[in-house]
Amino acid sequence: MQNKSLRPDAGSLLAAFLIVALVLTSLFFAFRNPQVADAGSLEGDYATTTTSSFASSTATTQLKNAPGALGNVVVSSSSPATTYAQFTLYDATSTMATSSSRVIARFSASSVAAGTYIFDAAAAYGIKLEVPAGYNGNATITWR
C-alpha cells in the first residue's frame, strides 16, 4: 500500500476560495446602509397628514421613520400669521437634527399659491415635518 499525501489539489482550493468570496460579497451587500434610489419603485398606499394639526407647535413631527418618498403637497390656504410662517419637510429620522438634514421641500405661506405640488421625491432616512408656532396655513402632505 502506498501512502498518499493529504495536500488538496488546485481544483479544491479554487472551489473553497470561490465559496468564501461569495459569502463575503453577500455579507457586504446585506449590511450596507439602506438608500432609496428610486421613489417610483416603492410600493404601497400613501399616508397623509395636514399642517393645521401641528399649527401651535414649533417641534418637529416624524411622518416616516424609514426610507420612503414624499408624494405631494396640496396647499389649500396660505395666509401667514407671522413673518416666519412656513413649513419644511426634511429627509431625516427621528434622531437626526434638522440643521444637518437634507431639505426635501420648504413652503413659505406668504409666497406659495394654493395648489398641488407633486414631488415623488426619495427620502433615504425618513420624512420629518417642521411647522413653526403661529403658522395658520393649511396643507395636506402625502408620503409612502
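Here are a few exercises with worked solutions on a predicted model of one protein chain.

**Exercise 1. Get the overall layout: how many helices and strands are there, and in what pattern do they follow each other?**

Start with the count: the protein chain has one helix and eight strands. Now walk along the sequence, and the pattern reads α-β-β-β-β-β-β-β-β. For the bulk numbers, 31% of the 144 residues count as buried. The accessible surface is about 9000 Å², and carbon and sulfur atoms own 58% of that. Finally, take the contacts between residues at least 6 apart in sequence: 83% of them join residues at least 24 apart.

**Exercise 2. Work out the strand order of the open four-stranded sheet, and say which strands sit at its edges.**

Begin with strand E3, residues 68-77. On one hand, E3 pairs with strand E6 (residues 115-123) in the antiparallel sense over seven bridges; Gly 68 stands opposite Ala 123 there. On the other hand, E3 pairs with strand E8 (residues 138-143), again antiparallel, over five bridges. To check the register, look at E8: Val 75 has Ala 139 as its bridge partner, and Ser 77 faces Asn 138.

Put together, the order is E1-E8-E3-E6, with antiparallel pairing. The edges are strand E1 (47-50) and E6, since each pairs on one side only. Neighbouring strands in this sheet are turned by 20° against each other on average, direction ignored.

**Exercise 3. Take strand E4: which strands does it pair with, and which residues lie on each of its faces?**

First, the partners. E4 (residues 86-91) pairs with strand E5 (residues 102-108) in the antiparallel sense over six bridges, with Gln 86 matched to Ser 108. E4 also pairs antiparallel with strand E7 (residues 127-130), over four bridges, and here Thr 88 is matched to Glu 130.

Next, the cover. Six of the six residues of E4 are buried. Split them by face: Gln 86, Thr 88 and Tyr 90 are on one side, with Phe 87, Leu 89 and Asp 91 on the other, and both sets are buried.

**Exercise 4. Find the salt bridges, and decide for each partner: buried or partly exposed?**

A search of the whole structure turns up two.

- Pair one is Asp 91 with Arg 102, whose closest N and O atoms are 3.3 Å apart. Asp 91 lies in strand E4 and Arg 102 in strand E5, so the pair ties together parts eleven residues apart in sequence. Asp 91 has 5% relative accessibility, so it counts as buried. Arg 102, at 43%, counts as partly exposed.
- Pair two joins the side chains of Asp 120 and Arg 144, also with an N to O distance of 3.3 Å. This pair links distant parts of the chain, 24 residues apart: Asp 120 is in strand E6 and Arg 144 in the segment after E8. Asp 120 is at 33% relative accessibility, so call it partly exposed. Arg 144 comes in at 16%, which means buried, as the cut-off is under 20%.

**Exercise 5. Which residues make the nonpolar surface patch, and why does Val 20 count as partly exposed?**

List the members: Ile 19, Val 20, Val 23, Leu 24 and Leu 27 make a patch of about 470 Å². Then place Val 20, which is found in helix H1 (residues 10-30). Val 20 has a relative accessibility of 48%, so it counts as partly exposed; exposed would need over 50%.

Methods
Residues are numbered from 1 along each chain as its sequence is written. This is a predicted model: local features need pLDDT of at least 70, side-chain atom pairs count only at pLDDT 80 or more; totals for chains, interfaces and linings use all residues. Side-chain values use heavy atoms; hydrogens and water are left out. Two strands pair if DSSP finds at least two bridges between them. Helices (H or I, at least four residues) and strands (E, at least two) are DSSP runs, numbered from the N terminus. Axes are lines fitted to C-alpha atoms, for helices over the stretch in contact, and angles run from 0 to 180 degrees between N-to-C directions. Buried means under 20% relative accessible area, exposed over 50%, partly exposed in between (1.4 Å probe, protein chains only). Patches are made of residues with over 30% relative accessible area and no salt bridge: like charges are joined within 9 Å, nonpolar side chains (Val, Leu, Ile, Met, Phe, Trp, Tyr) within 5 Å. Accessible areas come from the Shrake-Rupley method with a 1.4 Å probe; for residues, only the protein chains shown count as cover. A salt bridge is a side-chain nitrogen of Lys or Arg within 4 Å of a carboxyl oxygen of Asp or Glu. Contact means heavy atoms within 4.5 Å.
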